[in-house]
Amino acid sequence: MDKVLIIRFGPLGDVAISIPVVYNVALNYPQHKFYLLTKKQFTPIFVDTPPNLTIIPIDLGVSDGFWGLNKFYNSNLKPLGITKVADISNILRAWILDARLIAGGAVVRCREKVKRDSEKLLRRENKDMSPLKPYYARYADVFRSLGYDVKYEFKPFDVPAPKTFDFDSSLKYVGVAPFSAHERKVYSLERTKRVVEMLSGLPQVKVLLFGGGANEKKILESWAAEFSNVESMVGRFSMVEELGVMKKLNVMLSMDSANMHLCSLVGTPVVSVWGPSHPYVGFYAWGQPLSNAVQLDLPCRPCSECGAESCYRGDMACMDIPCQNVLLKIKEFL
């Protein structure tokens with residue numbers, strides 16, 4: 001029996017992208033034992049885990065750096081007798097653990113870096129707009145290199161909505177998640193607010209707003225107070241309960257952000273807004289048709305893999321998307 005450790009640090013969206021592949025491998029190889037190491041705060045999104053998959057949480061506020069990770073290895077990983085490692089993070093803190101696991105006799109395979117390919121897509125002139133391999137496919141390659149086949153099949157999570165969620169079956173529910181970790185990936189709040197206003201005026205439509213943190217909570221609650229048929233979900237539910245609310249949505253409006261990937265895990269259609277980044281870079285959500293992406297065809301796009309860089313034009317023209325374009329795409333699901 002193989003004992004396989006999967007390492008997936010990184011932002012919430014990156015962890016969510018890995019779930020369909022990880023679950024597929026575990027389900028297809030029930031004779032082996034799989035362990036997934038990820039940040040403690042992300043463990044709630046691992047719903048209905050296969051019986052041979054164990055989630056190992058790590059608190060990077062405690063177990064980080066060379067000595068912290070070595071201590072974590074000795075206490076939590078060494079006793080497991082790991083024989084193979086799928087390092088789908090391929091970052092420094094994962095390398096520290098990889099080294100200890102190799103010394104312990106494990107076979108380690110890492111996700112391939114594709115910086116050279118992404119540079120062709122991101123350069124300012126003579127762009128090569130060939131789509132890059134999606135990240136879930138890059139994760140699958142790691143498992144294949146360890147001898148495990150991957151089938152791109154995933155049954156969306158069947159997560160119930162919280163009992164305190166007042167669901168009305170006569171209404172259409174539209175989720176709106178207007179924020180992203182990178183500010184330049186955010187459709188302007190003025191435009192998003194206008195979309196929310198237009199949605200609130202549609203018959204039999206209820207708008208649910210998603211976000212996190214004190215500032216986002218304040219903004220979204222002000223929108224909910226200003227418009228009828230609009231309600232903020234911020235701070236009301238646990239992460240799992242929020243997944244249950246997302247599953248009830250007819251459609252979610254999201255940026256290129258974690259909410260796009262979370263909705264995909266529960267099988268909810270997502271209309272996503274793309275500016276400096278692009279679905280072709282590889283971060284597009286599992287199971288979402290490319291036609292659901294709202295974007296402008298500009299010669300400068302994409303200019304950023306994850307939206308962290310400044311706009312070299314200085315005008316953020318890629319986010320000058322008419323509100324009506326976004327609304328029309330959402331209405332396709334109503």
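Which elements are included in what covers the buried residues of H3? Among them are strand E1 (3-7), strand E2 (33-39), helix H2 (65-77), strand E4 (84-87) and strand E5 (107-110). Before selecting them, note that this is a predicted model, in which local features need pLDDT of at least 70, side-chain atom pairs count only at pLDDT 80 or more, and totals for chains, interfaces and linings use all residues. Residues are numbered from 1 along each chain as its sequence is written, and side-chain values use heavy atoms, with hydrogens and water left out.

**Stop 1: helix H3**

Select residues 92-103, which are helix H3. Helices (H or I, at least four residues) and strands (E, at least two) are DSSP runs, numbered from the N terminus. The expected span of a helix is 1.5 Å times one less than its number of residues. For the twelve residues of H3 this gives 16 Å, and the end C-alpha atoms are 17 Å apart, which agrees.

Now pick out Ala94, Ile96, Leu97, Asp98 and Leu101, the buried residues of H3. Buried means under 20% relative accessible area, exposed over 50%, and partly exposed in between (1.4 Å probe, protein chains only). Just after H3, select Gly105, where phi is positive at about 100°.

**Stop 2: the loop before H2**

Go to Ser63, in the loop between strand E3 (53-58) and H2. Ser63 has a relative accessible area of 14% and is therefore buried. Contact means heavy atoms within 4.5 Å. Apart from neighbours within four places in sequence, Ser63 is in contact with Ile58, Gly68, Leu69 and Phe72.

**Stop 3: two helix pairs**

Two packed helices are described by the angle between their axes and the distance between the axes. Axes here are lines fitted to C-alpha atoms, for helices over the stretch in contact, and angles run from 0 to 180 degrees between N-to-C directions. Angles under 35 degrees count as roughly parallel, over 145 as roughly antiparallel, 65 to 115 as roughly perpendicular and the rest as oblique. A crossing is left-handed if the near helix is turned anticlockwise from the far one by less than a right angle, and right-handed if clockwise.

Select helix H1 (residues 12-28) and helix H9 (residues 258-265), whose axes come within 8 Å and cross at roughly 25°. H1 is therefore roughly parallel to H9. Their contact is made by Leu12, Gly13, Ala16, Ile17, Ile19 and Pro20 of H1 and by Ala258, His261, Leu262 and Leu265 of H9. The crossing of H1 and H9 is left-handed.

Next select helix H6 (residues 189-200) and helix H10 (residues 323-331), with axes that come within 10 Å and cross at roughly 45°. H6 is therefore oblique to H10, and the crossing of H6 and H10 is right-handed. On the H6 side, show Arg191, Arg194, Val195, Met198 and Leu199; these meet Cys323, Gln324, Val326, Leu327 and Ile330 in H10.

**Stop 4: helix H8**

Which residues of helix H8 (residues 239-248) are buried? They are Glu242, Leu243, Gly244, Val245 and Met246. Their cover includes strand E7 (205-209), strand E9 (251-255) and H9.

**Stop 5: the loop between E11 and H10**

Select Pro302, in the loop between strand E11 (293-294) and H10. The peptide bond from Arg301 to Pro302 is cis, with omega near -10°. Met316 is placed in the loop between E11 and H10, and its phi is near 45°, a positive value in a residue other than glycine. Met316 is partly exposed, at 23% relative accessibility.

Most residues other than glycine have a negative phi, and most peptide bonds are trans. Another residue to select is Asp48, which has a positive phi of about 50° although it is not a glycine. Asp48 lies in the loop between E2 and E3 and counts as exposed at 55% relative accessibility.

**Stop 6: the cysteines**

How many disulfides are there? The count is zero, where a disulfide is a pair of cysteine sulfur atoms within 2.5 Å. The sulfur of Cys300 has its closest cysteine sulfur in Cys318, at 6.3 Å, too far for a bond. Cys300 is buried, with a relative accessible area of 11%. For Cys306, the closest cysteine sulfur is in Cys303, 11 Å away and too far for a bond. Cys306 is partly exposed, with a relative accessible area of 30%.

**Stop 7: Ser130**

Finish at Ser130, in the loop between helix H4 (115-122) and helix H5 (135-145). Ser130 is partly exposed, with a relative accessible area of 39%. Add Pro299: the C-alpha atoms of Ser130 and Pro299 are separated by 14 Å, while the two residues are 169 residues apart along the chain.
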